[in-house]
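Me: I have a model open and would like to go through the labels people attach to it. Could we test each one against its cut-off?

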Amino acid sequence: MTTLCMPHPDQAELLTELCMRSKAIWGYDATFMAACRPALTVTADDFQQSELQIAIRHDRIVGIAQVVCHGEIAELDKLFVEPEALGSGIGRKLFDWSVEAARRKGATIMTIDADPGAADFYRRLGAIDDGVIASTVIPGRFLPRLKLDLAGVRAA
Ligand SMILES: CC(C)(COP(=O)(O)OP(=O)(O)OC[C@H]1O[C@@H](n2cnc3c(N)ncnc32)[C@H](O)[C@@H]1OP(=O)(O)O)[C@@H](O)C(=O)NCCC(=O)NCCS
């Protein structure tokens, strides 16, 4: 069984490494992964300035979600599942939590700057395409931007 809970700031480093392992499933090289590290680092500030949740299965952390809210707009900043736990509903569970967390903070739209490999996952869960966005990590790289109308999603 998978349960969700808030992480503890002491777990920040473990969570960063989980994000790195998860991002690497798309086959990126070491240079690209190193460039991604700052964006994938879970910081002490994240615990104060965003909504965080982790998934636990068999006493192990197997996923993380992070939502940053700015008034009516929420950004899904991180959604990462441990490679060994992919395809078992954890991503969906964390996504549903993110939708509810964004709603609780008063957001009406959730934006997602997606890894190209994950874009179909978000489309499957109801997000729609909203153009592309320049990568903050690699100059000249563009990522699919998606958005979810939070009013249009049934409460979980
Ligand atoms: C994208 C990710 C979070 C999905 O997590 P997951 O736990 O494997 O997904 P789930 O098992 O909850 O899948 C939910 C549904 O989405 C589908 N799905 C999952 N990944 C998919 C993908 N890459 N493309 C298309 N559909 C996908 C599943 O088939 C499932 O559909 P179903 O309900 O009809 O059976 C996971 O692949 C991941 O962590 N990837 C690496 C990190 C990453 O890129 N994160 C996103 C950053 S923007």
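Me: Why is D113 called partly exposed?

Reply: Happy to help, and keep in mind that this is a predicted model. D113 has a relative accessible area of 36%. Buried means under 20% and exposed means over 50%, so D113, at 36%, falls in between and is partly exposed.

Me: What makes D113 and R145 a salt bridge?

Reply: The closest N and O atoms of D113 and R145 are 2.7 Å apart. The rule asks for a side-chain nitrogen of Lys or Arg within 4 Å of a carboxyl oxygen of Asp or Glu, so the pair qualifies at 2.7 Å. D113 belongs to strand β5 and R145 to strand β7, so the bridge ties together parts that are 32 residues apart in sequence.

Me: And how do you know whether R145 is buried or partly exposed?

Reply: R145 has a relative accessibility of 22%. Buried would need a value under 20%, so R145 counts as partly exposed.

Me: Why does the pair of E84 and R60 count as a salt bridge, and which parts does it tie together?

Reply: Their closest N and O atoms are 2.6 Å apart, and the limit is 4 Å. E84 sits in the loop between β4 and α4, while R60 is in strand β3, so the bridge ties together parts that are 24 residues apart in sequence. The two residues also take part in a network of salt bridges with R21 and E82.

Me: What makes E84 exposed and R60 partly exposed?

Reply: E84 has a relative accessible area of 55%, and exposed means over 50%, so E84 is exposed. R60 has 40%, which lies between the 20% and 50% cut-offs, so R60 is partly exposed.

Me: Which side chains meet in a salt bridge at 2.9 Å, and are they buried or exposed?

Reply: Those are D115 and K23, with 2.9 Å from N to O. D115 lies in the loop between β5 and α5 and K23 in helix α1, so the pair ties together parts that are 92 residues apart in sequence. Both D115 and K23 are buried, a label for residues under 20% relative accessible area. By the salt-bridge rule, the count comes to 11.

Me: How do you know that the length of α4 fits a helix?

Reply: α4 has 15 residues and reaches 21 Å from its first C-alpha to its last, close to the 21 Å expected at 1.5 Å a residue. The buried residues of α4 include L94, W97, S98 and A101. An α-helix has 3.6 residues a turn, so residues three or four places apart point the same way. After α4 comes G106, with a positive phi near 95 degrees.

Me: Which residues make the nonpolar surface patch?

Reply: I25, W26 and L86 make it, and the patch covers about 270 Å². L86 comes from the loop between β4 and α4. With a relative accessible area of 42%, L86 clears the limit of over 30% set for patch residues.

Me: Finally, why does the radius of gyration of the protein chain agree with a compact globule?

Reply: For 156 residues, a compact globule would have a radius of gyration near 15 Å, and the protein chain has 15 Å, so the two agree. Buried residues make up 43% of the chain. Of the contacts with a separation of 6 or more, 61% come from residues 24 or more positions apart. The secondary structure comes to five helices and seven strands.

Key: Residues numbered from 1 in each chain as written. Predicted model: local features only at pLDDT ≥ 70, side-chain atom pairs only at ≥ 80, totals over all residues. Heavy atoms only, no water. Patch = residues over 30% accessible without salt bridge, like charges linked within 9 Å, V, L, I, M, F, W, Y side chains within 5 Å. Areas by Shrake-Rupley, 256 points an atom, 1.4 Å probe, with all protein chains shown as cover. Helix = DSSP H or I, 4+ residues; strand = E, 2+ residues; numbered from the N terminus. Buried < 20%, exposed > 50% of the residue type's maximum accessible area, 1.4 Å probe, protein only. Rg over C-alpha atoms; globule rule 2.2 N^0.38 Å. Contact = heavy atoms within 4.5 Å. Expected span 1.5 Å × (residues − 1).
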